[in-house]
Amino acid sequence: MSRGKFMLRMELRSNPEVLCVVRSALARLAELLGFSDSDSHLVILAVDEALTNIIRHAYKGQRERCIEVTFRLVQVAYKSVPQKALEIVLLDDGAPVDLKRLRPRPLQELPIEELKPGGLGLHFIRKNMDKVEFRRRDGRNLLRLIKVLPLAEPYQVS
Amino acid sequence: MQISIRKLDQVTIVDVTGDIDLSTSPELRKVLLHECRELKVPRVLLNLTSVRYVDSSGVATLLEGLKASRDLKSRFIMCGLNAKVTQVLQLSKLLNVFEICENEEQALKS
């Protein structure tokens, strides 16, 4: 099976100050692929939150660790139909992720006293992407995010 | 991100420029909690007109500011939210929790 069309790879330090650089690059990539401003923002938010989780939880705030992010164009089966999609794979060699933490927590409209912001980032990732897969591979955490391309994307996948 | 503060009668206006994310939200949190808890200003107006992006840590900071002001029976108002910031609050199901005005003029009249 083809691994898809490679588009971009970024290797970054786990320093929160670089998050804005990733967001800027991803904004241009999403524009190139024909995502609307709104969908582009959703993808950026999901990737940003995934990086934030790696920095906070896998690396426990250490700023000099390595995170690898790879962007590819792939074909996926989505709603039983083959579709072109943007695949984003994030790799880190931090602490194994507690899978219980990855369980979705439905958000409800609650009185302000009962509101807790914990888990919002994970909610954004799940809500904004079409597929989210996590696994531990060769001692590293691997998060794979998929966003199906808009139907009339300007960038042709060969 | 840059933060500047203006004082107008009983209102503290906090102007924020840039992105509110993991890197910058601690600074905003410090400012908001200082105004609410220590200075106990009756009304904090957070002007987000020049904010391009807010992530979950930014949302948590806004929520903390709101809770701190509620605890002291003061008001916490936000204005100038762009489409992306509004979208993040919608995703968080928090849009109706905050007092939000379109612009600073409206917020000061409210």
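Two strands are taken to pair if DSSP finds at least two bridges between them. By this criterion, in the predicted model examined here, Leu90(A) stands opposite Leu143(A) of strand β5(A). The strands concerned are β3 (residues 81-92) and β5 of chain A, which pair in the antiparallel sense over 8 bridges.

Strand β5(A) also pairs with β4 (residues 131-137) of chain A, again in the antiparallel sense, over 7 bridges. Within this pairing, Glu133(A) has Arg144(A) of β5(A) as its bridge partner. The hairpin formed by β4(A) and β5(A) has 2 residues between the strands, and Asp138(A) in this hairpin adopts a positive phi near 50°.

In a regular strand the side chains alternate between the two faces of the sheet. Strand β5 of chain A, spanning residues 140-148, shows such an alternation. Asn141(A), Leu143(A), Leu145(A) and Lys147(A) are directed to one face and are buried. Arg140(A), Leu142(A), Arg144(A), Ile146(A) and Val148(A) are directed to the other face and are not buried. Leu143(A), the residue opposite Leu90(A), thus belongs to the buried set, whereas Arg144(A), the bridge partner of Glu133(A), belongs to the set that is not buried.

In chain B, strands β2 (residues 11-20) and β3 (residues 43-54) run parallel and are joined by 9 bridges. Asp19(B) has Tyr53(B) of β3(B) as its bridge partner. Together with helix α1 (residues 25-38) of chain B, strands β2(B) and β3(B) make a right-handed β-α-β unit. Strand β3(B) is further joined to β4 (residues 75-79) of chain B by 5 bridges, and these two strands run parallel. Here the bridge partner of Asn47(B) is Cys79(B) in β4(B). From β3(B) the chain passes through α2(B) to β4(B) in a β-α-β crossover that is right-handed.

The two chains meet at an interface in which 22 residues of chain B are in contact with 22 residues of chain A. On the side of chain B that touches chain A, the elements contributing two or more residues are α2 (56-71) and α3 (83-91) of chain B. Helix α2(B) provides the largest share of this side, with 8 residues. By class, this side of chain B comprises 9 nonpolar, 6 polar and 7 charged residues. Helix α2(B) therefore appears in two settings: in the crossover between β3(B) and β4(B), and on the side of chain B that touches chain A.

As to confidence, the average pLDDT of chain B is 95, and 100% of its residues score at least 70. For the complex, the predictor gives an ipTM of 0.91 and a pTM of 0.91.

Technical notes: Residues are numbered from 1 along each chain as its sequence is written. Chains are lettered from A and ligands numbered from 1 in the order in which they are written. This is a predicted model: local features need pLDDT of at least 70, side-chain atom pairs count only at pLDDT 80 or more; totals for chains, interfaces and linings use all residues. Two residues are in contact if their C-beta atoms, placed from the backbone, lie within 7 Å. Helices (H or I, at least four residues) and strands (E, at least two) are DSSP runs, numbered from the N terminus. Ala, Val, Leu, Ile, Met, Phe, Trp, Tyr, Cys and Pro count as nonpolar, Asp, Glu, Lys and Arg as charged, and the others, Gly among them, as polar. A residue is buried if 20 or more other C-beta atoms lie within 10 Å of its own, exposed if 12 or fewer, and partly exposed in between; C-beta atoms are placed from the backbone. pLDDT is the predictor's confidence in each residue, from 0 to 100. A crossover is right-handed if, with the strands pointing away from the viewer, the path from the first strand over the helix to the second runs clockwise.
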